Amino acid sequence: MNRRLVLGTAAMAAPAALATPALAQANPEIRWRCQSSFPRNLDVLFGTPERIANRVAALTENRFRIQVFPAGEIVPGLQVLDAVQAGTIDCGHTASYWYIGKEPGFAFFTAIPFGLNTRQMTAWMRHGGGQQFADQLFAEYNIVGLPAGDTGAQMGGWFRQEIRTQQDVQGLKFRISGLAGQVFQRMGANPTLVAPADIYPALERGTIDATEFVGPHDDERLGFFRVARFYYAPGFFEPSARLTFMSNKRQYDALPQLYKDALAIACAEADSEMVSRYDHLNPIALRRLVAQGTQLRFYSREILQLAWRSNEALMADLAGQNARFRTIWENYRPYRSELFQWFRVAENSYDNFAFAASAG
């Protein structure tokens, strides 16, 4: 199957082709189990694999059904990749950068600090070689991975105290994901990874001093504003965050082509739907948070410059230590530079004026 063709164009044309009774009757009834890495109360994140499952069922006349479970119901939320790889579950919805302990290259397919934004990430995955790199890596873990949702640019985290200078970062116990944790470690913090459902208790007990998660809609639902009142932007470490629908490769390969196409279409639709939901919900939630006493802050230029230098050094070190990481980085970095230049000309010049004019 030409997955890029399916992801790029088939979502508009295929429903009519898939839903013919003759085709449906010629294919078997298949039941899969899917686990999300997210709890049920995170409606956009957990809701995404549910929407994928519903769409697949509709496209196959209910002959291919996927039952979705929340984090922890079958395996812990941060072990979804392992469970899919082993065949404990047929598929899962998760963030690949949680598995950089296995392979640092997994970070590219969710987010890297100072990386591509959501539209740029879509361009890289579909047209710049990103999906080919992802396919190669996931196949080594007995997985077929399809992009399935993006949060858009995230917020920079919740802190008990203001973060103005490098000194304020020293010793900070910060819950943070992916390569961003290694960046903050180089900046002097003590990063740790905590599953989404466990973040609030850790912050409340003081096990961690600060946390990042996604943005206002999800962060409000998790209640961080009750125990940390300083809310920072920008989330330079996650300018986008792409989620992946991971299928066990043996199970996927056994699917009829009709079902593979249905799954690809459902994931492609979810890929754009998630960010549109966040763009709609986040500004509403941010207003509520500020009304409840949240103090909105922006990282200082000193912090951002330190983070940029720390990230550049980290990427160079990882590229020197890991051949796969170097290969992907040598593709990703010039692609990022090209897109950054274009967005400066068109998008950024517009945003800088129009956003400021509107606020004034």
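This note goes through some features of a predicted model, point by point.

1. The largest pocket is a good place to start, and about 1800 Å³ of space lies in it. It is lined by 38 residues, and those closest to its centre are Ala153, Pro234, Pro239, Asp351 and Phe355. When the residues of this lining are divided by type, 20 are nonpolar, 12 are polar and 6 are charged.

2. Several elements contribute to the lining of the largest pocket: α5 (118-127), α12 (257-291), β11, α13 (301-321) and α14 (323-359) each supply at least two residues. Of these contributions, the one from α14 is the most, with 9 residues.

3. Pro234, one of the residues closest to the centre of the largest pocket, also deserves a look for its backbone, since a cis peptide bond with an omega of about -5° joins alanine 233 and proline 234. When you look for proline 234 in the structure, you will find it in the loop between β9 (230-233) and β10.

4. The structure holds 18 salt bridges, and one of them is formed by arginine 119 and glutamate 347, whose closest N and O atoms are 2.9 Å apart. Because arginine 119 lies in helix α5 and glutamate 347 in helix α14, this pair ties together parts that are 228 residues apart in sequence. Glutamate 347 is partly exposed, with a relative accessible area of 25%.

5. A second salt bridge joins arginine 242 and aspartate 150, with 2.8 Å between the closest N and O atoms. Here the partners lie in strands, arginine 242 in β10 (residues 242-248) and aspartate 150 in β4 (residues 143-150), so the pair ties together parts that are 92 residues apart in sequence. Are these two partners buried or exposed? Arginine 242 counts as buried because its relative accessibility is 2%, and aspartate 150 counts as buried as well, at 0%.

6. A third salt bridge brings together the side chains of aspartate 317 and arginine 186, at 2.7 Å from N to O. The pair links distant parts of the chain, with aspartate 317 in helix α13 and arginine 186 in helix α8 (residues 179-186), 131 residues apart. Aspartate 317 counts as partly exposed at 35% relative accessibility, and arginine 186 is partly exposed too, with a relative accessible area of 40%.

7. Salt bridges can also be followed through more than one pair, as with Glu103, Glu140 and Arg324, which are linked in a network of salt bridges.

8. Two residues other than glycine should be checked for their positive phi values. Glutamate 61, with a phi of about 55°, lies in the loop between α3 (43-59) and β2 (64-69), and it counts as partly exposed because its relative accessibility is 37%. Asparagine 142 has a positive phi near 60° and is placed in the loop between α6 (130-139) and β4; at 14% relative accessibility, asparagine 142 counts as buried, because that value is under 20%.

9. On the surface, Val290, Leu296 and Phe298 make a nonpolar patch of about 280 Å². Leucine 296 is found in strand β11 (residues 295-298), an element that also supplies at least two residues of the lining of the largest pocket. With a relative accessible area of 32%, leucine 296 is partly exposed, and this is over the 30% that a residue needs to belong to such a patch.

Key: Residues numbered from 1 in each chain as written. Predicted model: local features only at pLDDT ≥ 70, side-chain atom pairs only at ≥ 80, totals over all residues. Heavy atoms only, no water. Patch = residues over 30% accessible without salt bridge, like charges linked within 9 Å, V, L, I, M, F, W, Y side chains within 5 Å. Areas by Shrake-Rupley, 256 points an atom, 1.4 Å probe, with all protein chains shown as cover. Salt bridge = Lys/Arg side-chain N within 4 Å of Asp/Glu carboxyl O. Helix = DSSP H or I, 4+ residues; strand = E, 2+ residues; numbered from the N terminus. Buried < 20%, exposed > 50% of the residue type's maximum accessible area, 1.4 Å probe, protein only. 1 Å grid on protein atoms, 1.4 Å probe; cavity = no way out; pocket = protein on both sides within 12 Å on 5 of 7 lines; lining within 4 Å. Points joined across faces, edges and corners; volume = space filled by probe spheres on them. Nonpolar A, V, L, I, M, F, W, Y, C, P; charged D, E, K, R; others polar.
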